[in-house]
Every structure is written in C-alpha cells, then in structure tokens.
Amino acid sequence: MIIEKLIIYGYGFLKNAEIELGSSLHVIYGKNEAGKSTILSFIETMLFGFPKRQQSEIQYAPKSGGTYGGKLIAHIRNRGHLTIERIRGREPEESLIYVNDKKIDESSLHSYLDKIDRPLFRQLFSTRLEHLRTMEKLQEDDLNRFLLGASLSGHLSLHEIESHLEVLRNELYRPRGRKQVINESLAELNKLADDVKKSESLKAEFEKKADEKAKMESELNRLQTEKKRLKNEKQFYEKLLAVTPLYKSIERLKLKLEQLPSVAQFPENGVERLEQIKMKLVDIEAEYRAIEKRITQLERSVPTVNEEWLLEGDKVDGLRERSEVYQLKLEQRLQVIEQIKHDERDVREFIEQIGTNWTVEKIMNANVSLTEQEKLEQLAADVNELSNERNHIERELASKRNQLKLIDTKEKELKKTLLSKEEKHQLQTLVLTHDEDSIENETLFIQKIIDRYDRELRNMQKGTALPFAITLLIGIALSFYLLFVNSQMYVAIVVASLSGFVSYFIYKAEQQKRATREQILKLKADEENRLKQLQHEALHVDNRDIGAAKRKLSIDEERSKEWLVVKHNVDQLQIEYERIMNDYDVIDRSLQTKREEARQWAKRHDYPTTLSMSHWVELFHRLKDAKKQVLAIERANAEKKTLEQWIREYEHDVYEVCSIFQLNRKENVTSLLLKINRLLEEEKAKKDQEIRIAMQIEEEKKQLQAVLEKKNQYEHELKQLMQIAQCETEEEFFVFGKAWDEKQTIKDEINRMKREIKIHIRDEQEKERIESVVTKGKVNAEDKLLEREQRLREIDSKEANMMQRIAQRQVEMSAIEEGGEYDANLQKLELKKAQLRHDALDWATYTVALHLLTKTKEHFRNERLPKVIAIATAYFSKMTNGTYHALSVPVDGEDFFVESKNGVRFSPSELSRGTQEQLYLSLRLALSSVYPSSLSFPILLDDILVHFDRERRQAALRVIREHAETHQVLFFTCHEQIANECKGKRINLQKELRTHQGIHTIS
C-alpha cells in the first residue's frame, strides 16, 4: 500500500491542508507542535475510523470548529486505488469508502485491509519512541511471548490469549478448589437433592390450591370478555347519538335539492366566462379598426429609390475600403522619396569624410564583416586600454617619486635628533638603579614576600620526636604481648615490622618539617637584608637628575619609534617605485606594438592614416551604415515604382464610377469618393426605409389576421357555452347559471356532513349498520346506552372481587413453595444439572483450545519465528556497525540475549538505552517484513533515533532506506540534523501547512 495524498478538512489544529506523498522514504520535518502527532493520528483514523468517545484515545476535534475529518487516497499494487473519506457526524453516512470508484462498507474495508485493526497496526507498522520503551519494560518471558505471538497470529497478542484461556478454565474448575463455578455447582446439587425429598409431602395441598385458582381465572376471563363486548356496544350507541342529527340534515338538503329547476349540465364559472368573452369582443373590434388605419398610413409613406445607383454599391464599398490604403500609399510614396534623398545625402557626406577616392561601387565592395569589425574594435580597445594604463602608471610614478623624496628628507632629519648609544645607555643605568618608583615597588614586593614567609612559619609546627617515640613504644609493647602472652610469633613479627616502618616514616616526616622551617627562616633573613639596602639607597638619591634622565629617554624613545616607521615607509616606497618603473616599460613596449599593428590594418583597408584609432572605428561603422543605405536606396526606388503603379490604377477606378454618378472629375479622388459615398448612402437609406415600411405593413397585416382569429375564437367559445347550457338567449343562460350555483352549494354542504360522519365512524361496516338503524328509527339509543353502562359497573365490581380471591390463592401457593415445594425444587435441581453440563462443556472447550494453542505455538516457532529473528539479526548488526552479530531464538524456557562480535552474551537489560532501542527497532522492522500480508502497509516512524549516536544513527537510516525498498516509510522528526541525514523526500510542515492552508497542498 502506498499513501498518495492526505486531505485534512479539520483535525486538531490542522485545517484545509493537503500533503502529497508517494513511494519510498518520506521525511516529515517540523518543530514541536507543528502537527506530526496529529498527522500520525489522522492516518490511523482514516484507515480504522474515529475512536469511540469512551476510549482513552485523544479526540482530535478541530479547535476552531468546522468539519471534523478528511480524506486518504492510497494505491494498492494489483488491486487499484483506495479512497477513504470520514467526516464525524455526517448524515446519512459518516464514512465514504471507494475501491476503484466502487463503494464498499466498513466490513469490506476490514477484509480489504487483510483484517488488520488499529492495535495490530500500531504493534507492527506504527512505531513511536514510547513503543520502543514499552518493549524495554517487558521481562524476558514476556518478550519471548510477545515475539512469538506477533509473528504467529498478528491479530491478537498470543500470550494474552493463552493467559486469558488459562484464567477462564481455572475460573470454572480446579480439582481442590471451592470458589470455582463447577465446584460450587456440585455442592449446590447435593443440597437441592435433599430439598426435593423434604418438599414431596406438600405437593397435594399445592395442587388443590392451584385447581381453585384456575377456576377463578376462567371466570375472570369470561367477565373480561363480556366487559369488552359491552364497551364495544357502548361506543356504537355513543356514535349513533352523535351522527343522527347529521343524517337528518342530509335528508332535508336532499329534499331542497329536488325542488330546484332541472339543469342537466352547465359550464363551470359559466356566467363569469360569458361576461369576459363579451368584453374581449368589444376590445378586439376597436383594435381591428386601429390596425386598418395604420396600414393605410404606411402605404402612403413609401419613398422612390434609384436602383441603378444601388447596383454600384459593392464597387463603391470596395473603393471606399481601399481609400485608406490609397492614403497610406500616398504617404508611403512621400516617405520613400524623402528616404531616398536622405540616404543619398548621407552617402555623399560619408564619401567626403573618408576620401574622394571612394565611390558607391567601392562602398558596396568594402569588407565590413563581423571578423574585421571585431579585429578593429579589439585593436582600438587594446590601444585605448594600454594608453590609459600607461597614463595611470605615469601619474602613479610621479606621485611615488614625490612621496619618496619627501619621506627620505624626513627620515634623515629624524635620525639626526636621536641619542647616541653611549648616552642612552648611561641614562638607562641611572634610571634603573635610582628610580624612586622602582625602589618603592621593589620594597612593597619584598615586604609581601616576608609576610608570606611569616604566615608559613606560623602554620608550620616545630619538629618533635614525640610521635616517633609513641609509635615505636606501642609497636614494641604489642609485639611483646603477642609473642609472650598469646604465643603468636608470626603475628608479633608482622606487628613489629609495621610499627618500625610507621615509626621510620614519622621520623622522616618530622625531619623534613625541620629542614623546611630552617630554609624559610634563611630566605626571610635574605629578604630583610635586601629591604634594608633599598631603604638606604632611597635616602641618598637625587630625584631631579632621575626625572631629567627619564624625560630624555622618553623623548628619544618616541623619536626612535617615529624614525623606524618613517624608515620602513622609505624602504616600502623604494620597492614600490622600482616595481612601477618595470610595469611602465612593459606597458610602453606593448602600446607601440599595438599602434603599429593598427596602422598596418588602416593601410590595407584604405583608411586615412592621419586620423586616430577612435575615428577608424567610427568610420568602419559609418561604412557599414553607408553600405546599408546604398542597398536601401535601390530597394526604395523599386518600392516607389510599385506604389505609383497602384495609385494610378486606383484613381482610374474612381473616375469610372464618377461617370455613373454624373460627377465632375476636376476635384481630387478623396473628395469625389466622399460625394459618391454620400449619394449612395442616401439611396440606401431610402431603400432601407422602403423595406422597413413594407415589413411594417406585412406585420400589421399579420396582426390584423391574428385579431380576426381571436374574434372568431371568442365567438366560437360563446356558442359553446350556450350549447353546453342548452340555452337560446343570454337571459336564459343567466337563470340556469343561478340555479346551477345553488345546487352546487347544497351538494358541497352534504359532502361536508358526510366527511364529518366519516370522522366519527371510520369502519364502513359499522357505518352501514348505523345508517340502517337511523333509517328505520326503531331504536332508542339513549336507553340502550344507559343499560350498557349499568351492566359495566356490575362487571367491574365482580372483576375486582375475583382478582382479590385469585391473589389470596396465589399467596397461599407461594407460602407452600417457600416451605419447600416439590416441583419447584425438582425444577431447580434439573436446571442446576443443565447448568453444570454447560459449564463442564466450556471447561472442556478451554482445555482443548489450550492444547491446540500449544501445538500451534510449536509449529509456528519452527517456521515464522526464525525468519523474524534472522531479519532482526541482520538489521541489528547493521545498526550497530557489526558490534553485535547474533540474537537468540526466544523459545519457552530460554533467555533472550544478544551476542557481541567477541562472543560475549548480553540480556537486553544489560545494554545501553540507545542499543536497546536499536534492538527493539530491528525487531519491529523484522515483524513488519514477515507479517503475512500482500498489502505491504506503510511504516510510520516517529522520532525513534533521538538516543542514537551519529554513527549508529546513520547506520539505522541506511537500514530504514533498505526497508523503504519494499514498504513506504513515513519518518517523522523534529530534529533538523536527522531530517538532513535521512536523504528522503522532505516535507517541511511549517512551510507546507502555511502554504496549503485553505486548502494548503503539502508536497
């Protein structure tokens, strides 16, 4: 399966977003809260539906409201396209699922996905960091069962099934148990058997009470049947009382209907229709007279038209259409003439400029190719560049010469002001030996050293022999005690040796302390003598001589620094000056060579050598333009002849048309054509008016015919109304209409009463019966109703008494049953036996299931589990760069371990956290590879490499890319470095979701 597109309508904080996916490895990068976990949950929701509200799953309802859901589009090899759209709360269907445009339901989707559900998908194909940590918490036996169960069934955890079956079986029965279901049932069977024996004596009394109760219930049923019949009769007479007045009113209306005049038939709304037809006939007559008047006026207004002029209309239109071209041709002719004059003048000026020995033929034969142009331009550019460079170097050389002269003079003047070496040495010696600041600083320094020696002497204890003596005496005493009292010679020798060593080290330490103290006292005395000497020198120094020496040395030092800087600048300027001189000689030789080459080119092309290079380039371009202008003059002359021929032909056609319209040819062609066009337009307008009037006349005649047809139609309708009513005059028609309307009113009233009767009596048989009773009029409904009500009251009283007696018998029977009724106890005994048989069958079923499960584990342990371990071993070895090369097969009774390349075995708990996660990731990928499904579900990995070092992270990424060759892999991460190292198709969530919100396409 390859997920091609995710369309998010609203899910969590994501809204109106699209993510384009494809095959192979995808790296979905985003910072925290960018939407990675939301997209993971969205994929699971689209595949397996919205989680139930009572589940612990996070409900990613849109935070800002709106549609909750989206669409997933995937391609499944050899099966086609799968489209799943889910919208929470949509009516009538929350989910729409299509396979190759064919709609399927959830159960079909479950089968289409090889019956993989959400927990199994997470167990095999959706791996997050917390999933790896969950595997880490499994004990060895639990881990073994997890691997076996996942590789065996996939749909459920196998060790959970086994544990569940074992619990169910033990809940039913244990050989020595008491609280198990079957154990308790056996105890209850023994007790029920004793109760059956005790209750057998009460059986006869119970049966007597039961017979009495049955007779009373039979009598009660008879009373209830009679009560029901009386209620039905009561309802019948109540309805009879209600509808009797309606039936009598219907009879009166029927008598009134018979007294009205006999009208067999009459048109519906006949009177109104007759009046409307008469009014329409009056209007049509007035419209007919108005149309006849308009036709007469139109026939008088038809104009006279010159048909001969109209025949020339197409020819005039053609000339008029060509008139703009004619004006354009005239302008073009003028432009061509001016262009010819201009080009001829430019060519003459160019010949005057380049030399009188040049002609038009020489201009046409001149070589103005791109090669020659580039050669000349290059020569000119080179000469110009070299000239500019030489001028620049000349200026720079003059500047450097002036700088060198000035700075050399300054260097010589500064050197004269410096002190001699002997004088400078004498002054330095005087300052160093008698400087008051130096004496003061040195005095302070010596005082600090003396203070430090005093602190060290105070902290250092004087050397003493007391610790040495005490240690030696204790060792001797202990040795004598062990030797002469306990007779332990070897121990005494060891103790004596140890005490001797310790005493020796203590003696050496004390001796070292004394030597150190004497050394510090000697150093302190030396420093005190030096301090006294400095104080004596400070008393006999002359401060004025020292100050003058310092000032001379300071001034000399500043001048020396300045002289060194100036001398360095002189040396640098001299080097720079010599370099510029060399550059100038090279440039000057190159410039002379290029100028000679340019003069040779000018002689070959017959250019004036007295002009500069820039004028040669300008003349070359002018020559190219002149050559183009000569060619343009030839083309312009040819074009001029063509234009003049076309103009003569057009003027000839215009003059021919003028003769037909009888116009004078003395005016210009444009004025003549305007007059012809005006005359023709006038005739066309007359012709159009003639046609328009003819069409109006025809239209008026059509309206006149339509009016006649309407008049005939209304007259025909009037005759039909008279015929339907069977009348001769309009007065008779109005009389019949009034009688007909009154009859219709009476019939409507009768129908209304019949509908009211229908409301009271809905059953047709009951209605016929009531009509029969009303027609005969022999039954007093009120008396019959009173009789039924009185009998119902009597039956209610008997019914209450009978129900009380039945309840009393039921109480007596219940008392017998509570005291140990035989049949009830016997029934309980049989029910308990049946329940025991059912529980025993369940216990046997669980036992057989556990046996089959054990056999199945043994079968699959030898087939699929080794494949999982083999793939996991290869992946784990690659992820650890060969540090571990083997995994144990986790069969029952054995430990799960990994083996290093040195042959050392480790349990998972002994590995580092990162190595543990590499092991569990290898197992996850191996399980997804071996799982028996043809769909190849996509693998979802969410930040599982955060605890891997760089080398193992890159190795793990290589394994993931290898796994991506058979499964689509979606790798989610918030670490940019990991995203860069993945080398897969990258999707930046922050950028894509900003782009595709509304709807955002993420690709």
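## Strands, rings and charges in a predicted model

Strand β3 (residues 25-29) is joined to β14 by 4 bridges, and the two strands run parallel. Within this pairing, Ile-28 stands opposite Ile-987 in β14. The structure described here is a predicted model.

The two strands belong to an open sheet of 5 strands in the order β8-β12-β13-β3-β14, with parallel pairing. Its edge strands are β8 (126-128) and β14 (985-988), each of which pairs on one side only. On average, neighbouring strands of this sheet are turned by 15° against each other, direction ignored. In general, the strands of a sheet pair through backbone hydrogen bonds, either parallel or antiparallel.

Aromatic side chains form a second group of contacts. A search of the whole structure finds 12 aromatic pairs. One of them is formed by Phe-48 and Phe-121: the ring centres are 5.4 Å apart and the planes stand at 55°, so the pair counts as tilted. This pair links distant parts of the chain, with Phe-48 in helix α1 (residues 36-48) and Phe-121 in helix α3 (residues 118-124), 73 residues apart. Both Phe-48 and Phe-121 are buried. Elsewhere, ring pairs link Tyr-11, Phe-42, Phe-50, Tyr-60 and Tyr-68 into a cluster.

Rings also meet charged side chains. Arg-986 lies over the face of Tyr-29, at 4.9 Å from the ring centre. Lys-329 is placed over the face of Trp-646, at 5.7 Å from the ring centre.

Salt bridges are the next topic. The structure holds 35 salt bridges. The table lists three of them, with the distance between nitrogen and oxygen.

| Basic residue | Acidic residue | N to O distance |
|---|---|---|
| Arg-229 | Glu-226 | 4.0 Å |
| Arg-791 | Glu-226 | 2.9 Å |
| Arg-390 | Asp-588 | 2.8 Å |

Glu-226 appears in two of these rows, with Arg-229 and with Arg-791. Arg-229 and Glu-226 both lie in helix α8 (residues 203-259), 3 residues apart, which is about one turn of the helix. The bridge between Arg-791 and Glu-226 links distant parts of the chain, from helix α23 (residues 781-818) to helix α8, across 565 residues. Glu-226 has a relative accessible area of 16% and is therefore buried, the limit being under 20%. Arg-229, at 41% relative accessibility, counts as partly exposed, and Arg-791, at 25%, also counts as partly exposed.

These three residues are part of a wider arrangement. Glu-219, Arg-222, Glu-226, Arg-229, Glu-233, Glu-787, Arg-788, Arg-791 and Glu-794 are linked in a network of salt bridges.

The remaining pair in the table, Arg-390 and Asp-588, likewise links distant parts of the chain: Arg-390 lies in helix α13 (residues 370-416) and Asp-588 in helix α18 (residues 543-604), 198 residues apart. Here the basic residue, Arg-390, counts as buried at 15% relative accessibility, whereas Asp-588 is partly exposed, with a relative accessible area of 23%.

Finally, the cysteines may be considered. A disulfide is a covalent bond between the sulfur atoms of two cysteines. The structure holds 0 disulfides. Among its cysteines, Cys-658 counts as buried at 0% relative accessibility, and Cys-727 counts as buried at 7%.

Conventions: Residues are numbered from 1 along each chain as its sequence is written. This is a predicted model: local features need pLDDT of at least 70, side-chain atom pairs count only at pLDDT 80 or more; totals for chains, interfaces and linings use all residues. Side-chain values use heavy atoms; hydrogens and water are left out. Rings of Phe, Tyr and Trp (its six-membered ring) pair if their centres lie within 6.5 Å; planes under 30 degrees apart count as stacked, over 60 as edge-to-face and the rest as tilted. Buried means under 20% relative accessible area, exposed over 50%, partly exposed in between (1.4 Å probe, protein chains only). A charge sits over a ring if NZ of Lys or CZ of Arg is within 6 Å of the ring centre and within 35 degrees of the ring normal. A disulfide is a pair of cysteine sulfur atoms within 2.5 Å. Two strands pair if DSSP finds at least two bridges between them. Axes are lines fitted to C-alpha atoms, for helices over the stretch in contact, and angles run from 0 to 180 degrees between N-to-C directions. A salt bridge is a side-chain nitrogen of Lys or Arg within 4 Å of a carboxyl oxygen of Asp or Glu.
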